[in-house]
Amino acid sequence: MPSEKVPLDRVRILDAALLHIDESGLTGLTMRRLGQRLGVEAMSLYRYVPGKEELLDGVVETLLGEMQRDDHVLRAPDAGWQDFLQRLAHGVRRVALAHPKAFPLVASRPPEAPWLRPPLRSLEWVEDFLAGLCSEGFSDEAAVAAYRAFTSFLLGHLLLEVAAHGADVGPLDVLDDGESDDAAAQRQPTVWRLRHDLAQDHAAGEFEESLESLLERLALTRVELSDQPRLT
């Protein structure tokens with residue numbers, strides 16, 4: 001007796017798209033190939049996902065959903081704002097390292113609002129972030145400054161880290177001039193001499209050090225901006 005087919009739905013389609021990206025990158029992701037992976041005709045996918053743009057937006061939603069289900073990430077501070085931000089930062093990093101080839105989509109897809117910054121692309125997450133800091137004594141100005149600094153730190157660090165794991169973070173990554181990496185590096189004597197040191201992976205330690213430094217700066221910003229009189 002043949003096994004019963006798993007019903008098709010949007011969640012199953014997005015999970016399959018994310019799996020394809022994890023395995024093969026964004027290259028070659030088409031509705032036809034996605035249909036083949038799911039064992040259905042490509043046309044049947046359009047009932048749930050109108051096109052590839054909506055598919056990629058849905059993959060970003062799936063990534064954010066993983067962060068929302070992370071038990072270590074808090075929706076509001078309960079042990080101080082530093083603990084709140086450390087948990088959030090590590091939650092975003094866990095998603096990035098679990099899906100390095102998909103994570104750059106978080107930076108490239110249109111946000112829910114034009115003033116949202118990756119990787120916190122959800123209005124709900126930004127609300128939690130700002131409200132959480134304000135509840136911990138941040139002024140409105142200090143909370144916004146913290147949001148800008150925190151997102152810049154996370155995005156810059158994690159895009160570099162996922163690139164080291166094979167992610168395509170820009171068009172320059174696919175250019176090939178036919179010259180080997182060694183041949184180009186040998187013409188730069190200091191780079192060539194230090195190549196083994198440069199190749200070492202200290203990403204986890206660097207992330208921790210940068211995060212601690214950021215939290216120290218935000219503590220100063222919290223005091224400085226909170227002490228300033230607000231213009232009316």
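Student: Leaving aside neighbours within four places in sequence, which residues is Gly58 in contact with?

Tutor: The model is a predicted one. In it, Gly58 has its place in helix H3. Setting aside residues within four places in sequence, the contacts of Gly58 are Arg10 and Leu14.

Student: How far apart are the C-alpha atoms of Gly58 and Val11?

Tutor: Along the chain, Gly58 and Val11 are 47 residues apart. In space, their C-alpha atoms are separated by 8.8 Å.

Student: Is Gly58 buried or exposed?

Tutor: A residue counts as buried when its relative accessible area is under 20%. The relative accessibility of Gly58 is 0%, so Gly58 is buried.

Student: Thr62 is also worth a look. Which residues does Thr62 touch, not counting those up to four places away in sequence?

Tutor: Thr62 is found in helix H3. With a relative accessible area of 13%, Thr62 is buried. Not counting residues up to four places away in sequence, Thr62 touches Leu14, Asp15, Leu18 and Arg69.

Student: What covers the buried residues of H3?

Tutor: The buried residues of H3 include Leu55, Gly58, Thr62 and Met67. The cover over the buried residues of H3 includes H1, H2, H4, H5 and H6.

Student: What span is expected for H3 at 1.5 Å a residue?

Tutor: H3 has 17 residues, and the expected span is 1.5 Å times one less than that number. From its first C-alpha to its last, H3 reaches 24 Å, close to the expected 24 Å.

Student: Turning to H6, which of its residues are buried, and why are they on the same side of H6?

Tutor: H6 has 13 residues and reaches 18 Å from its first C-alpha to its last. The buried residues of H6 cover an arc of only 160° around the axis, so they lie on the same side of H6. These residues are Trp125, Val126, Asp128, Phe129, Gly132 and Leu133.

Student: Which helices do the buried residues of H6 pack against?

Tutor: The face of H6 turned away from its buried side carries the exposed residues Glu127 and Ser135. The buried residues of H6, in turn, pack against H3, H4 and H7.

Student: Which residues is Phe129 in contact with, leaving aside neighbours within four places in sequence?

Tutor: Phe129 is one of the buried residues of H6. Beyond its neighbours within four places in sequence, Phe129 is in contact with Phe84, Leu85, Leu88, Leu120, Ala143, Ala146, Tyr147 and Phe150.

Student: Which element gives the most to the largest nonpolar core?

Tutor: The largest nonpolar core has 58 residues, and those touching the most other members are Leu55, Leu85, Leu88, Leu120, Phe129, Leu133 and Phe150. Among the elements that give two or more residues to this core are H1, H3, H6 and H11. With nine residues, the element that gives the most is H7.

Student: Where does this core lie with respect to domain 1 and domain 2?

Tutor: Domain 1 covers 1-50 and domain 2 covers 72-227. Both domains give residues to the core, so the core lies between them.

Student: How many helices and strands does the protein have?

Tutor: Read along the sequence, the pattern is α-α-α-α-α-α-α-α-α-α-α. The count is therefore 11 helices and zero strands.

Student: What share of the contacts with a separation of 6 or more comes from residues 24 or more positions apart?

Tutor: The protein has 232 residues, of which 38% count as buried. Among its contacts with a separation of 6 or more, the share from residues 24 or more positions apart is 68%.

Conventions: Residues are numbered from 1 along each chain as its sequence is written. This is a predicted model: local features need pLDDT of at least 70, side-chain atom pairs count only at pLDDT 80 or more; totals for chains, interfaces and linings use all residues. Side-chain values use heavy atoms; hydrogens and water are left out. A nonpolar core is a set of buried Ala, Val, Leu, Ile, Met, Phe, Trp, Tyr and Cys residues joined through side-chain atoms within 4.5 Å. Buried means under 20% relative accessible area, exposed over 50%, partly exposed in between (1.4 Å probe, protein chains only). Helices (H or I, at least four residues) and strands (E, at least two) are DSSP runs, numbered from the N terminus. Domain bounds come from an automatic or database domain assignment. Contact means heavy atoms within 4.5 Å. The arc is that of the directions from the helix axis to the C-beta atoms.
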